[in-house]
Each structure stands twice: as structure tokens, then as C-alpha cells.
Amino acid sequence: MRNLEQKAFYVQRNDRPMVKTIKEEKINDGLVEEFYDNGQLKRRGNRKNGKENGLWETFYEHGQLSQRGRLIDGKQEGLFEHYYNYGQLFNRGSFNNDEQEGLWEYFDEEGRLSYRGNYKKGIKQGIWEEFDEGGALTRTEEYKDGVLQK
């Protein structure tokens, strides 16, 4: 028995959008691309044994990259980057077994470092630093197991 699913997508004909529906084989292995109703690419990546594996990219509806990172058996693993809807980097950091791990950096709308700190198993840990628009350190906080220390 074939594993089929129905997909709808938009095509342009004479400057008017037209909905076209097809039946296609559900992809368990290989490249997967999902689209918004307007035809823009929504997500792109690979599956292995029905699970997301390798580099995955997600896009905003207008086509700009939203996030990029690796998945192993459907879980976030390694470096991830998230972007503002106009393309500027919002944050970057790593995951281990689907939990934030290690140094994470956050940037303002102009691309300047706003703050940074470490996670351990998805919980804030250690020193977190905040910076002003000129790059000067303005505040330091310490976290232990996600709790701000006084």
C-alpha cells in the first residue's frame, strides 16, 4: 500500500493565482519542502526513516530566512540561528538533545550584541551579560539552575 497524502499549492496563470491539488507520495526519506498557501517556501530539510535529520531551514511567509539548524531524529542538535523577519540575526546558540546548551548570544535589530549567557540542559546557568548600543557592558547577572542570584 502506498503512503499518499494530498497537497494543495498555488501556481500563477495570467497573473492570477490558481489552486492546484495533487496527490503525492509522503516523503519518509530525502528532501522535504513545505510551502505557504501563497507558494513561498515554508520549510526545507531532509528526513530519514520518517524523522527530520540534517540541516533544516524555516522561512517567513514573505521568503526571508527565519531559522536554520540541525535536527537528529527530529530533535534540535548543534548550532541554531534565528533571524528577524528582515534578515538580521536575532540569536544563535547550540542545542543538545533538544535543549539549549552552552553560550547563546542575542542581537538587537541593528545586529549589535545585546546580551549573552550560558544554558545547561535548557536552563540559564552562570554569568549573563547585557550590553548597550555602543557595545559597553551595562549589567551582569548570575544564574544558578535558572534562578537569578542576588
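**Strand pairing, cores and salt bridges in an all-strand chain**

Strands β10 and β11 run antiparallel and are joined by five bridges. Within this pairing, Y115 has E130 in β11 as its bridge partner. The model in which this arrangement appears is a predicted one. Between the two strands, which cover residues 113-120 and 123-131, lies a loop that contains K121. The phi angle of K121 is near 50°, a positive value in a residue other than glycine, whereas in general most residues other than glycine have a negative phi. With a relative accessibility of 58%, K121 counts as exposed, because the threshold for that class is over 50%.

The β10 and β11 strands belong to an open sheet of eleven strands, in which the order is β3-β4-β5-β6-β7-β8-β9-β10-β11-β12-β13 and the pairing is antiparallel. The edges of this sheet are formed by β3 (30-35) and β13, each of which has a single partner strand, so that one side of each is left without a neighbour in the sheet. For the chain as a whole, the secondary structure comes to 13 strands and zero helices. Of the contacts between residues at least 6 apart in sequence, 4% join residues at least 24 apart. The chain has 150 residues, of which 24% count as buried, and its accessible surface comes to about 10,400 Å², with 44% of that area belonging to carbon and sulfur atoms.

Two hairpins in the sheet share strand β5. Strand β4 (residues 41-48) and strand β5 (residues 51-59) run antiparallel and are joined by five bridges, with R47 standing opposite E52 in β5. The hairpin formed by β4 and β5 has two residues between the strands, and N49 in this turn has a positive phi of about 55°. Strands β5 and β6 also pair in the antiparallel sense, over six bridges, and here T58 stands opposite Q67 in β6. In the hairpin of β5 and β6 there are five residues between the strands, and the turn includes G63, which has a positive phi of about 105°. Towards the end of the chain, a further positive phi, near 50°, is found at D145, a residue other than glycine. D145 is placed in the loop between β12 (137-144) and β13 (147-148) and counts as exposed at 55% relative accessibility.

The largest nonpolar core is made up of ten residues, namely V32, W56, L71, F80, F95, W104, Y106, Y119, W128 and Y143. A second, separate core has six residues, including F59, Y83, L89 and F107. When residues up to four places away in sequence are not counted, W128 of the largest core touches Y106, Y115, R116, G117, N118, Y119, R139, T140, E141 and Y143. On the same basis, S66 touches T58, F59, Y60, E81, H82 and Y83; the residue lies in strand β6 (residues 65-72) and counts as buried at 16% relative accessibility.

The structure holds eleven salt bridges. In one of them, the side chains of R68 and E57 meet at 3.5 Å, N to O. This pair links distant parts of the chain, since R68 lies in strand β6 and E57 in strand β5, eleven residues apart. The two partners fall in separate accessibility classes: R68 is partly exposed at 31% relative accessibility, while E57 counts as buried at 14%.

A second salt bridge is formed by E129 and R116, whose closest N and O atoms are 2.7 Å apart. Because E129 lies in strand β11 and R116 in strand β10, this pair ties together parts that are 13 residues apart in sequence. Both residues count as partly exposed, E129 at 22% relative accessibility and R116 with a relative accessible area of 29%. E130, the bridge partner of Y115, forms a salt bridge with R139, in which the closest N and O atoms are 2.5 Å apart. R139 is partly exposed with a relative accessible area of 44%, and E130 is likewise partly exposed, with a value of 28%. Finally, E34, R43, R47 and E52 are linked in a network of salt bridges, which thus includes R47 and E52, the residues that stand opposite each other in the β4 and β5 pairing.

How values were computed: Residues are numbered from 1 along each chain as its sequence is written. This is a predicted model: local features need pLDDT of at least 70, side-chain atom pairs count only at pLDDT 80 or more; totals for chains, interfaces and linings use all residues. Side-chain values use heavy atoms; hydrogens and water are left out. Helices (H or I, at least four residues) and strands (E, at least two) are DSSP runs, numbered from the N terminus. Buried means under 20% relative accessible area, exposed over 50%, partly exposed in between (1.4 Å probe, protein chains only). Contact means heavy atoms within 4.5 Å. Accessible areas come from the Shrake-Rupley method with a 1.4 Å probe; for residues, only the protein chains shown count as cover. A nonpolar core is a set of buried Ala, Val, Leu, Ile, Met, Phe, Trp, Tyr and Cys residues joined through side-chain atoms within 4.5 Å. Two strands pair if DSSP finds at least two bridges between them. A salt bridge is a side-chain nitrogen of Lys or Arg within 4 Å of a carboxyl oxygen of Asp or Glu.
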